[in-house]
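Biologist: I should like to learn how to read a ligand site and a domain interface. May we begin with the model itself?

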Amino acid sequence: MAANRQGRHIETTLVHGVAAAGGYGGATLPPVTLSAAFEHASAEAMEAAFAGDEEAPVYSRLQNPTVEALERRISEACGAAGTVAVASGMTAISLGLLTVLQAGSEIVASPYLFGGTYTLLDRVLGELGITVRFADPREPAQAEALIGARTRAVFLEAIANPAMVVPDFRAWSRLCDAHGLPLLLDATLLTPYLYDREALRADVVFFSTSKFLAGPASTIGGLIVDTGRFPWHEREGFGLDDFRRAGQGAYLAKLRKRQMAAVGPCLSPMNAFLVLTGLETLPLRLERQCENARAAASVLREHPRVETVLFPGLPDHPAHALSQAQFKGRFGSVLSFTLADKGACFRFLNACRLIGRVTNLGDTRTLALHPASTIYATFWKHEQEQVGVTENMIRLSLGIEHPTDILDDLQRALDAA
Ligand SMILES: Cc1ncc(COP(=O)(O)O)c(C=O)c1O
């Protein structure tokens with residue numbers, strides 16, 4: 001893959017960062033700074049730290065050296081202006097949206113969303129007086145009619161979970177640029193490794209670190225990445241007036257110093273350490289997971305019990321070429337497929353021996369679930385339809401096991417479906 005803006009390949013940046021080593025007394029990994037608070041040399045230094053005039057941590061709800069090491073590594077890997085790490089992927093999206101939306105604001109969003117995000121937009125923000133206008137991500141031209149004077153942002157998933165719908169990001173970013181709106185993107189299924197800054201042209205990117213990054217899914221966490229494209233300090237209407245002196249960094253300054261400070265969902269330093277160490281092997285794992293997904297998709301499409309396979313890596317997926325161009329020639333490691341009905345899905349799941357019945361994705365283990373009876377169980381039928389979930393759908397997330405073992409289990413469970 002191509003070198004990033006620092007002139008290094010992302011595989012190297014994820015291991016070393018861009019700064020020279022030796023900052024931690026020669027240790028190759030940063031220490032885990034398990035301290036809630038930090039002492040200052042004088043009252044003046046304390047005042048300067050609180051004012052942000054001096055770079056010194058004051059309290060771990062706002063800033064912590066280990067969390068900061070993770071934030072810096074992610075910014076370097078993504079070629080981004082800045083990153084804030086928080087307690088979960090949902091925290092990242094919630095704080096990311098609450099930083100630019102107020103009562104009366106509107107947001108244009110794809111309805112093809114992870115269940116938690118749909119509930120956040122439709123219910124939680126709805127109860128705060130914020131309106132979501134759902135637009136088909138495959139039809140950016142139709143979304144233009146939904147943009148009005150109160151619209152503050154556009155929100156999309158890079159590869160929609162679990163519908164596997166892929167937007168054309170060039171078209172969406174043109175639309176956003178034309179209306180002076182930031183494009184907010186949940187790129188969890190891509191991870192920083194498959195995230196391509198130039199192809200996706202997003203202004204804010206969210207990752208759930210609960211998937212992929214730490215490796216064996218040991219922790220929950222989330223990231224908000226400001227890619228540096230959007231001139232926050234030059235724009236009105238986002239509630240950033242108190243943070244303009246941070247320049248382009250006004251968005252993350254408000255997010256950290258107001259939203260995160262007041263709501264409080266910071267990332268634990270221990271979890272930051274686990275994500276930081278996991279990042280070093282992310283490219284190796286993801287390459288294997290993407291290959292395993294391609295192999296699984298081939299088996300699924302040949303099996304007589306399988307009705308449809310939703311995976312952008314299949315040449316007849318409507319967004320195959322688009323995905324190839326946008327995701328560094330890869331297609332991710334998650335796919336969905338449909339069987340005859342719910343009964344067949346349950347027979348499939350109950351016959352799995354290696355594949356885990358687990359509500360997660362991006363683990364080193366291969367995992368499957370029935371979205372309609374789990375993540376989307378509380379959704380009304382029409383809402384399930386809107387997010388692209390059907391009663392006969394299984395979501396499969398491929399791990400790093402040997403492909404033969406995964407495919408054997410898949411074949412056997414399908415035979416039993
Ligand atoms: C696409 C996507 N975004 C966000 C999230 C939320 O992340 P977390 O579980 O870390 O809150 C998930 C969780 O499954 C997800 O699949």
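Modeller: The shell around the ligand divides into four nonpolar, seven polar and two charged residues. In this scheme Ala, Val, Leu, Ile, Met, Phe, Trp, Tyr, Cys and Pro are nonpolar, Asp, Glu, Lys and Arg are charged, and the others, Gly among them, are polar. The model is predicted, so local features need pLDDT of at least 70 and side-chain atom pairs pLDDT 80 or more, while totals for chains, interfaces and linings use all residues. Residues are numbered from 1 along each chain as its sequence is written, and side-chain values use heavy atoms, without hydrogens and water.

Biologist: Which residues come nearest to the ligand?

Modeller: A residue is near a molecule if one of its heavy atoms lies within 4 Å of it. Of the 13 residues around the ligand, Gly89, Met90, Asp186, Ser208 and Ser210 come nearest.

Biologist: How should the ligand's polar contacts be read?

Modeller: A polar contact pairs N or O atoms within 3.5 Å. A ligand nitrogen is 2.6 Å from a side-chain N or O atom of Asp186, and a ligand oxygen is 2.8 Å from a polar backbone atom of Gly89. The protein covers 90% of the 390 Å² of accessible area that the ligand has on its own (Shrake-Rupley method, 1.4 Å probe).

Biologist: How many residues of domain 1 and domain 2 are in contact?

Modeller: Contact means heavy atoms within 4.5 Å. By that criterion, 23 residues of domain 1 touch 21 of domain 2. The domain assignment gives 10–100 + 182–279 for domain 1 and 282–416 for domain 2.

Biologist: What of salt bridges across that interface?

Modeller: The rule requires a side-chain nitrogen of Lys or Arg within 4 Å of a carboxyl oxygen of Asp or Glu. It finds zero between domain 1 and domain 2.

Definitions and conventions
A polar contact is a pair of N or O atoms within 3.5 Å; within protein, one must be able to donate a hydrogen and the other to accept it, and residues adjacent in sequence count only if both atoms are side-chain atoms. Domain bounds come from an automatic or database domain assignment.
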